[in-house]
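I opened a fresh page for this one and went through it topic by topic. Here is my notebook, tidied a little for a fellow modeller.

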Amino acid sequence: MNNGTQTNEVMLQPAAESVCFQKKSSGHRSVDIAWALCNKDGGPKADSFFISDEKVKRTNDPKKVKIRDYDTCRTGFEKVAGCNSNPDIKPCKDQSLPIIRQVINAKDDSVLRSFSVCPEDPKTELPNNTKVVDVIRITTEQFRSFPLKASRVNSDPSNFSLRNGFTHFWASSNKQYFKVDIAESKVSIRAIPVQWIWNYGDGTTRRLNYPGEPAPEHTLHDKTDTSHVYQETGKFQVVVTTLYRGEFSVDGGPWEPIPGQASVPSEPSVMDVWRTKKELIATD
């Protein structure tokens, strides 16, 4: 019998995935008897063994996990956060960078699963019998749900340019702040603009780490860091998409980073591009 007992102890580990039950009647009561090894028809195998009710209950307890998100790199901090170490990272459809999501075992902090996530990806599905341990945090999805205001497109001259001239553009954008209550705690959120992606409407785009600034003395002969040259005439819709990184603070505590970015496109601004024409005028 010692050998049988030792075998039972060794085989008990995989029993969690193969437990089967049989209904047994005892007088006016019926109880479930749990067995460790099951046939395909749901009955116990000949070499199976009985598992106590306590063991069955412990086996069916949900696994507790934590969700942890990381940036593939911190937008605006490329030199210190390793963004340039992996040139193969491709932007998401909204031009933000993907985040890395990890499912962590809450008991020993081991990583159960790690994968890349973009805004267009479906909601993360967890295995059955899994419970997420609640902690106060702001997820990437929650950050993107706040009513972030878009930058405004400014140009000089305003909404007008000449073909082959240097049209000066800049974006107006500022930090934005929000407050929410989570689990009886006061949580502050701030959104910080870090990148501006210009679409000039003529098929040309630029990704800049600065919004530009007004240039009161600018003329169409002056090139600036944020100017653009239209090589054709016509009306063009200009849009600037601002990427915001987020931070949150719980009950006045230190600011902590929110993984990922929020991508907020501006309203289109119509640019009317003309051409100049030289004519000879007789003086007699």
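The entries below go from the whole chain to single residues.

**Entry 1: confidence**

I began with a reminder to myself that this is a predicted model. I looked up the mean pLDDT of the protein and found 77, with 70% of the residues reaching 70 or more. Among the elements, helix H1 (residues 2-11) has the lowest mean, 32, and S14 has the highest, 95. I then noted a stretch with pLDDT below 50, residues 53-58, which has five contacts in the model beyond near neighbours in sequence. Residues 78-82 also stay under 50, and for them I found eight contacts beyond four places in sequence. My note in the margin: where pLDDT is low, the predicted coordinates should not be read in detail.

**Entry 2: the whole chain**

I counted elements next and got four helices and 17 strands. Of the 284 residues, 34% count as buried. The exposed surface comes to about 18,600 Å², and carbon and sulfur atoms supply 50% of it. I also checked contacts with a separation of 6 or more: residues 24 or more positions apart account for 63% of them.

**Entry 3: a three-stranded sheet**

In what order do the three strands of the open sheet lie? I read it as S8-S10-S14, with antiparallel pairing. Strand S8 (152-156) and strand S14 (227-229) are the edges, and each pairs on one side only. From one strand to the next, the twist averages 35 degrees. I looked closer at strand S10 (residues 166-172), which is joined to S14 by three bridges. One pairing I wrote down by name: Phe 166 has Val 229 in S14 as its bridge partner.

I followed the chain around this sheet as well. Pro 157 lies in the loop between S8 and strand S9 (160-162), and the peptide bond that leads to Pro 157 from Asp 156 is cis, with omega near 0 degrees. In the loop between S9 and S10 I found Asn 164, which has a positive phi of about 70 degrees although it is not a glycine.

**Entry 4: a hairpin**

How many bridges pair strand S15 (residues 234-250) with strand S16 (residues 256-265)? I found eight, in the antiparallel sense. The two strands form a hairpin with five residues between them, and Asp 251 in the turn has a positive phi of about 50 degrees. Along the pairing, Arg 245 of the hairpin has Gln 261 in S16 as its bridge partner.

I stopped at Thr 241, which sits in strand S15. Is Thr 241 buried or exposed? Thr 241 is buried, because its relative accessible area is 14%, under the 20% cut-off. Leaving out residues up to four places away in sequence, Thr 241 touches Gln 195, Trp 196, Ile 197, Ser 263, Val 264 and Pro 265.

**Entry 5: an exposed tyrosine**

For contrast I picked Tyr 177, in strand S11 (residues 176-182). Tyr 177 counts as exposed because its relative accessibility is 53%, over the 50% cut-off. With residues up to four places away left out, Tyr 177 touches Ile 189 and Arg 190. I also took a C-alpha to C-alpha distance from Tyr 177 to Leu 148: 9.1 Å in space, for two residues 29 apart in sequence.

**Entry 6: the disulfide**

I searched the whole structure for disulfides and found one. Cys 92 and Cys 118 form it, with their sulfur atoms 2.0 Å apart. The angle about the S-S bond is -80 degrees, and the link is left-handed. The pair links distant parts of the chain: Cys 92 is in the loop between helix H3 (78-81) and strand S5 (99-105), while Cys 118 is in the loop between strand S6 (111-117) and strand S7 (130-132). Both cysteines, Cys 92 and Cys 118, are buried.

Gln 95 is also found in the loop between H3 and S5. Its phi is near 80 degrees, a positive value in a residue other than glycine. Gln 95 is partly exposed, with a relative accessible area of 32%.

Terms used
Residues are numbered from 1 along each chain as its sequence is written. This is a predicted model: local features need pLDDT of at least 70, side-chain atom pairs count only at pLDDT 80 or more; totals for chains, interfaces and linings use all residues. Side-chain values use heavy atoms; hydrogens and water are left out. Two strands pair if DSSP finds at least two bridges between them. Axes are lines fitted to C-alpha atoms, for helices over the stretch in contact, and angles run from 0 to 180 degrees between N-to-C directions. Buried means under 20% relative accessible area, exposed over 50%, partly exposed in between (1.4 Å probe, protein chains only). Contact means heavy atoms within 4.5 Å. Accessible areas come from the Shrake-Rupley method with a 1.4 Å probe; for residues, only the protein chains shown count as cover. pLDDT is the predictor's confidence in each residue, from 0 to 100. A disulfide is a pair of cysteine sulfur atoms within 2.5 Å.
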